[in-house]
Amino acid sequence: MTTRLTIVSTLLLAALVTACGKKNPPIARPTPPPPPAAAAANPARPPAPPEPVPEPTVVPPVPVPNDTVASASLDDLNRNSPLMPVFFELDSAELSPVAQMSLKEDAELLKRNASWAVTIEGHCDERGTAEYNLALGERRAVAARAYLVSLGISADRLKTVSYGKEFPFDAGHDEAAYQKNRRAHFVITAK
Amino acid sequence: MIDKLTTLTTLFAAAALVAAAPQAPAPQKPPDIAVTLTGENGQPPRLAVPQFIAITKDAETQAIAKTITDVLFDDLTFEREYALIPRDTYATIPAATSFTDVPIDRWRELNADYVVVGTVQKMPTGIQIQVRLLAARDRSQAFGKEYSGSSANPRIYAHTISDELHALRGVRGIARTKIAFASDRDGERLGGTIEQRTVQEVYMEDYDGEGARRLTVNRTLNITPRWSPDGRSLAYTSYRRGGPNIFIQNIYEGTNSDLTKDGASYLPAWSPDGTRIAFMSTHDGNPELYVANRDGSNVRRITNNPAIDEAPTWSPAGNQIAFVSDRTGSPQVYIVNADGTGLQRLTTAESYADKPTWSPAPNSEIAFSSRNGPGSDIKVINLATRMIRQLTFGEGTNESPTWAPNGRHLAFVSTRAGKNQIFTISADGKNLRQITKVGNNKFPDWSN
């Protein structure tokens, strides 16, 4: 659309300039002598009309409506992390004995609060690459979920998601920070 | 000389598994573009790029002429197909006022093979640019063109001219290409959760770092953007509906579509013909690779292994997919046919390899991130010889490589400047440039 418009307006302009021939005389386009080398990019012929240089325009993005129900009481509930996170070794999604103990306690709490729905988030530390960590985070979340299901929690109460290394809990660059970030983290999404 | 020596020394000092000294890739020569311009003895032609001439004398036109000249000089310097004569030597050469009074003998004295001469003229409808490439030997014209359009973004004229001049060298220019990436530069936080989490939105910018613009306002994590082959759409992973799904945004139409709805899909990769997208999903219980049509239909699974399978990238012919699997215990690069048959392992000497990116034809190379101590470095494996060369050497951590469409450069993420920033580097490891500066910028993807 824009291209056609530009070509038309350019041609009209060229016609106008040729017709009026005043302030801006047509710019001389001398026919070049035949170049000695084989590189004959411009043999003698009438010059081509100016080539339009369009630049496509990005349509501004529409903000996505905020459809998450703001729930102060859920935030209050989650602020205290009632469901204990479980932590992992580097590059691993194996549940250690300590992790299993935490999950047993989480299972008890989930049984006592049978209406709670939970999202299990898998997280990684900043080492390792971003892409693999998205998958590893999934593995960690799924491992925690599978264990909870084996303890009798209904699978449809438990969603999983991975944030890879994109949402660290501790922004530090030492093992203490890394250890906090290699985790499955529980967020209550309904009660 | 010194460069070569430093590179070789560093290589020997690096892991013994790295093979011979890095070889510069052969210049891309698309079959339909012959090399029409060479310098002496096949060397890059020596090129002078004096200031474009403002035909209309107003300040705006003069500023446009300067911008076009500067950007063209940078674009030509980037590709290293012309030997640019340094601009500080131009001071003694009288400026031409038109194509007919170019002091070609003076340029010849500076050893130029060719001179780029350009004019800029303000028109009622915008601007008109004329450019000619004159041989210093005899003033003959090796190239000439006129362009017209808006004056809003003068850089596009320089980029267009640069691509034309590279076509004369038998090289596909990339001056008009774009880089998509994820950025937290707006500093927005995810609401409704206990931890303070900074969102990432999808952005794009010119290959040289200019003209960054935001493409999503989803107020959540939006990562791993990938350009469709026609450059008009971006597929990306977004958590805008809770769990991660792949969305497709048609950025020049202002429309969107969903590729997936399972809330467990990540890492889209377009087939070279733009009809299919490969991606990772855990909807069957563990991370596997799938291929779907771009409208989301005909989802078929192409890996079948309890291990992690992720990070797909298509071969230029669209019949194979390279990806990462940790089925042997650590993430390694594999290649499989697009229908899931013919699995073969590619990396055997890395402790950990991720995010393969398949070079465009005719080069047959895959770049990837390779674990190196606490961080990663970018490596390139040649598929024919299986030789590996290393491009970064522990300057911060370096990951997420993506090829330029002419196979001569890569963009990647590095922490060498502090935060996560995007850099470009030439395929021979030279010519490093930082192209993002604000916030954290990750997951780059280079358009066609």
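In this predicted model, strands β27 (residues 409–414) and β28 (residues 421–426) of chain B lie side by side as an antiparallel pair, joined by 6 bridges. One of these bridges is easy to find in the structure: Phe412(B) has Phe423(B), in β28(B), as its bridge partner. The pair belongs to an open sheet of 4 strands in chain B, which can be followed in the order β26-β27-β28-β29 with antiparallel pairing. At the edges of this sheet are β26 (398–403) and β29 (433–434) of chain B, each of which pairs on one side only.

Stepping back from this sheet, we can look at chain B as a whole. Chain B contains 30 strands, along with 4 helices. Its division into domains gives domain 1, covering 40–167, and domain 2, covering 177–446. The strands β27 (residues 409–414) and β28 (residues 421–426) described above therefore fall within the bounds of domain 2 of chain B. The centres of domain 1 and domain 2 of chain B, taken over C-alpha atoms, are separated by 37 Å.

How does the overall size of chain B fit its length? A compact globule of 448 residues would have a radius of gyration near 22 Å, and the value for chain B is 24 Å, which agrees. Along its principal axes, the C-alpha trace of chain B spans about 75 × 50 × 40 Å. Of the 448 residues of chain B, 50% count as buried. Contacts also link parts of chain B that are separated along the sequence: among those between residues at least 6 apart, 43% join residues at least 24 apart.

Chain B also touches chain A. Here, 65 residues of chain B are in contact with 51 residues of chain A. On the chain B side, strand β6 (residues 141–149) gives the most, with 9 residues. By residue class, the side of chain B that touches chain A is made up of 27 nonpolar, 23 polar and 15 charged residues.

Strand β6 of chain B also takes part in pairing between the chains. Strand β1 (residues 51–52) of chain A runs parallel to β6(B), and 2 bridges join these strands. To see this pairing at the level of single residues, look for Pro52(A), which stands opposite Ser148(B) in β6(B).

Terms used:
Residues numbered from 1 in each chain as written. Chains lettered and ligands numbered in written order. Predicted model: local features only at pLDDT ≥ 70, side-chain atom pairs only at ≥ 80, totals over all residues. Rg over C-alpha atoms; globule rule 2.2 N^0.38 Å. Buried ≥ 20, exposed ≤ 12 C-beta atoms within 10 Å, placed from the backbone. Contact = placed C-beta atoms within 7 Å. Domains from an automatic or database assignment. Pairing = 2+ DSSP bridges. Nonpolar A, V, L, I, M, F, W, Y, C, P; charged D, E, K, R; others polar.
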